[in-house]
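User: I would like to go through the labels used for this protein and hear the reasoning behind each of them. Please set each value against its cut-off before drawing a conclusion.

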Amino acid sequence: LESIDYVVIDDSARDVILIGPAGPWTVNAEGRIVSQKNGRPVVRLDDLVVLLRNAFLGKGQFVCSITPTQRNLARTQAYIQETSKRPLAPGERPEWLEGLRSSLGNQQIEIDGIDAQTRVARAIVEADYHMKLIGIGLEPGTEGVVSYLDSIKLAPGEQPPGLGVLRWWFTLQQDSVRQSGDGVFHFADQTVRVLSENEMLTALGERIHTGEAEELNRQFARSFTREFSKLAEHYPIYGDLDNVFRLAIVANLMKHQDVVGLIDWSMPHFLAEDEYEVAFARVPKVVPSVINHRVVHRRHVIAGVSGGVSLSLIHI
């Protein structure tokens with residue numbers, strides 16, 4: 001299967017059927033198992049097992065975050081305040097940018113709800129990290145996705161956005177699946193969307209949630225959501241993420257439709273770790289911060305430092 005379009009819970013046959021396009025697969029240059037026809041990652045059995053266990057034995061939710069430590073955020077604040085006391089001299093910009101990246105240091109990868117060693121965890125972390133690279137212009141988006149830094153346009157005399165933390169994260173699209181018949185459920189064309197939020201930063205490096213996002217922040221999130229299918233054609237990791245989200249919906253649908261009681265399917269192997277062992281791999285616990293910048297009106301240096309769920313916007 002390349003994707004899941006329908007789920008059928010067939011109580012007469014005591015079966016759950018996943019329906020979607022399928023065909024021969026191959027391994028691409030990145031080591032990803034993909035469709036020979038279009039290069040889209042295929043649906044993986046281990047991922048389904050991990051997400052069934054999450055739905056039936058856990059809370060049915062999972063979260064990933066890649067965030068700087070409070071100590072490093074405070075250190076970055078202090079660095080910016082100290083280096084802002086005078087204008088940058090010609091040739092000092094590369095050193096200043098490296099000092100900014102270094103002050104933020106490594107960022108912590110945290111996974112909740114599923115084992116961090118599973119392929120599901122790696123897929124959502126990789127997609128999250130890559131999305132932030134597009135956000136600060138280190139990876140190209142599609143024609144309709146402009147990086148946050150490139151979207152900043154200042155009128156003469158206008159000041160750049162203030163110091164803060166921008167958050168972008170993946171979540172489920174509303175109405176991702178609907179019932180279209182007795183025991184038949186139909187997926188929407190897209191299950192993934194990106195949300196955004198602006199956070200404030202205290203002098204101690206504490207992040208304060210505002211629950212709001214300014215227009216350029218929302219603009220990037222909306223454009224990424226709108227262009228997600230095109231991005232997935234160019235970057236297989238997003239097709240991988242879409243498959244993970246669809247499998248998560250399948251698993252939770254099976255839980256809430258009570259397939260165990262309805263079709264007497266106890267899943268003694270899928271739900272028992274000692275009966276079916278999914279493949280584990282070592283995963284990183286930290287990731288280096290990455291940085292990009294733009295110069296506006298030849299005097300404003302606006303830098304984005306990203307490591308994942310958060311993106312810190314700095315100007316000098």
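Analyst: A residue is called buried under 20% relative accessible area, exposed over 50%, and partly exposed in between. The model discussed here is a predicted one.

User: Why is Y6 counted as partly exposed?

Analyst: The relative accessibility of Y6 is 32%, and partly exposed is the term between the limits of 20% and 50%, so Y6 counts as partly exposed. Y6 is placed in strand β1, which covers residues 6–10.

User: What makes Y6, I17 and I19 a nonpolar patch?

Analyst: Members of such a patch need over 30% relative accessible area and no salt bridge, and nonpolar side chains are joined within 5 Å. Y6, with its 32%, passes that accessibility cut-off of over 30%, and together with I17 and I19 it forms a nonpolar surface patch of about 220 Å² accessible area.

User: Why is the contact between D240 and R32 called a salt bridge?

Analyst: The term requires a side-chain nitrogen of Lys or Arg within 4 Å of a carboxyl oxygen of Asp or Glu; the N to O distance for D240 and R32 is 3.4 Å, so the pair qualifies. D240 lies in helix α7, whereas R32 lies in the loop between β3 (25–27) and β4 (33–35), so the bridge ties together parts that are 208 residues apart in sequence.

User: How do you know whether D240 and R32 are buried or exposed?

Analyst: Buried means under 20%; D240 has a relative accessible area of 2% and is therefore buried, and R32, with 12%, is therefore buried as well.

User: What makes R40 and D242 a salt bridge, and which parts of the chain does the pair link?

Analyst: Their side chains meet at 2.8 Å, N to O, which is to be set against the limit of 4 Å. The pair links distant parts of the chain, with R40 in the loop between β4 and α1 (45–57) and D242 in helix α7, 202 residues apart. Both R40 and D242 are buried.

User: How do you know that K230 and E227 form a salt bridge, and why do they receive the terms they do for accessibility?

Analyst: The closest N and O atoms of K230 and E227 are 3.9 Å apart, and the criterion asks for a distance within 4 Å. K230 counts as partly exposed because its relative accessibility is 48%, while E227 counts as buried because its value is 11%. Elsewhere, salt bridges that share partners join E30, R32, D47, R119, E126 and D240 into one network. The structure holds 15 salt bridges.

User: Why is D175 called exposed, and what is notable about its phi?

Analyst: The relative accessible area of D175 is 70% and the term applies over 50%, so D175 is exposed. Its phi is positive, about 55 degrees, although D175 is not a glycine, and the residue lies in the loop between β7 (164–172) and β8 (177–181).

User: Why is D258 called partly exposed?

Analyst: D258 has a relative accessible area of 44%, a value to be placed between the limits of 20% and 50%, so partly exposed is the term for D258. D258 lies in the loop between α7 (236–256) and α8 (259–262), and its phi, near 55 degrees, is positive in a residue other than glycine.

Technical notes: Residues numbered from 1 in each chain as written. Predicted model: local features only at pLDDT ≥ 70, side-chain atom pairs only at ≥ 80, totals over all residues. Heavy atoms only, no water. Patch = residues over 30% accessible without salt bridge, like charges linked within 9 Å, V, L, I, M, F, W, Y side chains within 5 Å. Areas by Shrake-Rupley, 256 points an atom, 1.4 Å probe, with all protein chains shown as cover. Helix = DSSP H or I, 4+ residues; strand = E, 2+ residues; numbered from the N terminus. Buried < 20%, exposed > 50% of the residue type's maximum accessible area, 1.4 Å probe, protein only.
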